[in-house]
Amino acid sequence: MKSTILIPLLTAATQTAAHGYVSNLVINGVYFRGWNPSTDPYSSSPPIGVGWETPNLSNGFVTPDEASTDSIICHINATNPRGYATVAAGDEIYLQWVPTPWPDSHHGPVLDYLANCGESCETVDKTSLEFFKISGPGLIDGSSPPGIWADDQLIANGNGWLVQIPASIAPGNYVLRHEIIALHGAGSENGAQLYPQCFNLVITGSGNVSPSGVAGPDLYTPTDPGILINIYQVLTSYIVPGPALIPQASSIVQSSSAITATGTPTPGGTTTTTSSTLTTTTSSTTTTTTTTATTTTGGSGTSTQTLWGQCGGSGWTGATACPAAATCTSYSDFYSQCIPS
Ligand SMILES: *[C@@H]1O[C@H](CO)[C@@H](O)[C@H](O)[C@H]1NC(C)=O
Ligand SMILES: *[C@@H]1O[C@H](CO)[C@@H](O)[C@H](O)[C@H]1NC(C)=O
């Protein structure tokens with residue numbers, strides 16, 4: 001009875017609202033800032049990052065009607081970031097969203113894909129990327145509409161999602177395409193909301209699996225049963241949109257990742273003396289360790305952090321002051337950083 005009354009209110013209130021983006025990744029405790037579409041497009045020199053760059057999209061989404069366009073690849077008008085993060089095959093990546101919390105009416109699946117970039121993800125043509133699915137839970141429990149969904153787990157998990165890079169994936173340069181599909185309005189055609197977010201990774205390891213994939217505009221259609229669906233009814237199953245999971249995909253228990261250091265993205269095209277010997281044994285352009293810790297930990301709260309260093313966040317015990325000409329800027333409950341004023 002109660003839910004019957006609430007349905008029209010929920011759908012009406014949230015249909016046109018805009019939502020968010022991934023604020024940061026955490027790889028083995030190392031924080032990498034995402035592209036901030038609300039502020040970075042206005043900066044004359046936004047920091048080199050690992051997240052694909054977009055205009056200010058007002059935290060909006062891609063509609064099902066745009067599923068066959070390039071907008072679906074890495075969000076509307078996304079362009080290659082200038083850096084990447086390194087991760088070992090088998091490692092887990094934690095992706096945190098803003099706003100915190102993600103709106104709980106926005107039930108839906110959480111999807112992760114990889115696409116091999118070949119020589120460089122900093123220069124690759126996004127239309128050439130072919131994505132294969134490494135994770136994609138959807139409906140957890142549909143017995144009590146609108147059900148419990150993967151993104152409800154994300155909200156419960158520090159507003160973040162943990163995905164494992166399959167251990168057997170061949171080393172190389174990859175785009176990680178991470179996505180929430182919000183289904184609160186999906187009972188009507190073109191009512192689902194797709195939030196794709198992309199990140200550049202160099203994956204290291206000794207795996208040899210190179211799955212084939214599909215181009216972004218071939219991932220979904222507006223009438224896929226997982227895209228056009230009324231979730232305000234008892235559901236016993238849900239067909240997750242997109243291609244099947246690769247056989248090597250792993251299902252992991254969701255948990256959050258504590259941030260212990262700040263990573264510096266490696267600029268694309270840079271090759272250091274040590275990496276040049278490594279590149280001969282892998283197909284990646286650069287394979288040096290890139291997760292340089294730049295934060296001051298355990299310092300007293302009165303010392304001054306370095307530019308770009310962490311200056312606050314839940315559990316942070318290091319320096320909270322920023323150098324002159326920098327401001328301690330909060331990106332989430334877990335992380336604040338010294339950003340040039
Ligand atoms: C980004 O766009 C939204 C809506 O169009 C606007 O409210 C906001 O002020 C913009 N951000 C900046 C920094 O201008
Ligand atoms: C995306 O790019 C097209 C073509 O340049 C432009 O017309 C459109 O306004 C852009 N969209 C946004 C949200 O910036």
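Okay, let's start inside the protein: arginine 177 and glutamate 179 are both buried. Keep in mind that this is a predicted model, so everything I point at today is computed from that prediction.

Why begin with that pair? Well, arginine 177 and glutamate 179 form a salt bridge, and their closest N and O atoms are 2.9 Å apart. If you haven't met the idea before, side chains of opposite charge can pair when their charged atoms come close.

So how many salt bridges does a search of the whole structure find? It turns up three. Let me take you through the other ones.

Aspartate 40 pairs with arginine 33, and here the closest N and O atoms sit 2.8 Å apart. Again, aspartate 40 and arginine 33 are both buried.

Then there's arginine 82 with glutamate 53, where the closest N and O atoms are 3.2 Å apart. Where do those two residues lie? Arginine 82 is in the loop between α2, residues 71–74, and β3, residues 83–88, while glutamate 53 is in the loop between β2, residues 30–33, and α2, so this salt bridge ties together parts that are 29 residues apart in sequence. Buried or exposed, you ask? Arginine 82 is partly exposed, at a relative accessible area of 34%. Glutamate 53, on the other hand, has 13%, and the cut-off for buried is under 20%, so glutamate 53 counts as buried.

Right, on to the sheet. Have a look at the strands and try tracing the order: β12-β6-β5-β10-β11-β3-β14. That's seven strands in an open sheet, and the pairing is mixed. What happens at the edges? β12, residues 214–215, and β14, residues 266–267, stand there with a single partner strand each, so one side of each has no neighbour in the sheet.

Now zoom in on β5 and β10. Strand β5 covers residues 110–116 and strand β10 covers residues 172–182. They run antiparallel, and seven bridges join them. Which residue of β10 stands opposite leucine 111? That's glutamate 179, and yes, we've met glutamate 179 already, as the salt bridge partner of arginine 177.

Next up, disulfides. How many does a search of the whole structure find? Two.

One joins cysteine 74 to cysteine 198, with an S to S distance of 2.1 Å. The angle about the S-S bond is -90 degrees, and this link between cysteine 74 and cysteine 198 is left-handed. Cysteine 74 is in helix α2 and cysteine 198 is in strand β11, residues 193–204, so the disulfide connects parts that are 124 residues apart in sequence. Remember β11 from the strand order? It's listed between β10 and β3. As for accessibility, cysteine 74 is buried at 3%, and cysteine 198 is buried at 3%.

The other disulfide joins cysteine 117 to cysteine 121, S to S 1.9 Å. Its torsion about the S-S bond is about 100 degrees, so this disulfide is right-handed. Cysteine 117 is buried, with 8% relative accessibility, and cysteine 121 is buried too, with 1%.

A quick stop at strand β1, residues 21–27, which is where you'll find asparagine 24. Asparagine 24 has 0% relative accessibility, so it counts as buried. And what does its side chain touch? There's a polar contact of 2.8 Å between the side chains of asparagine 24 and serine 23.

Last topic: the ligands. Around ligand 1 you'll see Ser38, Tyr42, Asn56 and Ser58. Let's go through some distances. For tyrosine 42, a side-chain N or O atom is 3.3 Å from an oxygen atom of ligand 1. For asparagine 56, a side-chain N or O atom is 2.3 Å from an oxygen atom of ligand 1. And for serine 58, a polar side-chain atom lies 3.0 Å from an oxygen atom of ligand 1. How much of ligand 1 does the protein bury? Taken alone, ligand 1 exposes 360 Å², and the protein buries 37% of that.

Ligand 2 has Pro55, Leu57 and Asn77 around it. Asparagine 77 has a polar side-chain atom 2.3 Å from an oxygen atom of ligand 2. On its own, ligand 2 exposes 370 Å², of which the protein buries 29%.

That's my tour, thanks for listening!

Methods
Residues numbered from 1 in each chain as written. Chains lettered and ligands numbered in written order. Predicted model: local features only at pLDDT ≥ 70, side-chain atom pairs only at ≥ 80, totals over all residues. Heavy atoms only, no water. Near = heavy atom within 4 Å. Polar contact = N/O pair within 3.5 Å; in protein donor to acceptor, adjacent residues only side chain to side chain. Areas by Shrake-Rupley, 256 points an atom, 1.4 Å probe, with all protein chains shown as cover. Salt bridge = Lys/Arg side-chain N within 4 Å of Asp/Glu carboxyl O. Buried < 20%, exposed > 50% of the residue type's maximum accessible area, 1.4 Å probe, protein only. Helix = DSSP H or I, 4+ residues; strand = E, 2+ residues; numbered from the N terminus. Disulfide = S-S within 2.5 Å. Pairing = 2+ DSSP bridges.
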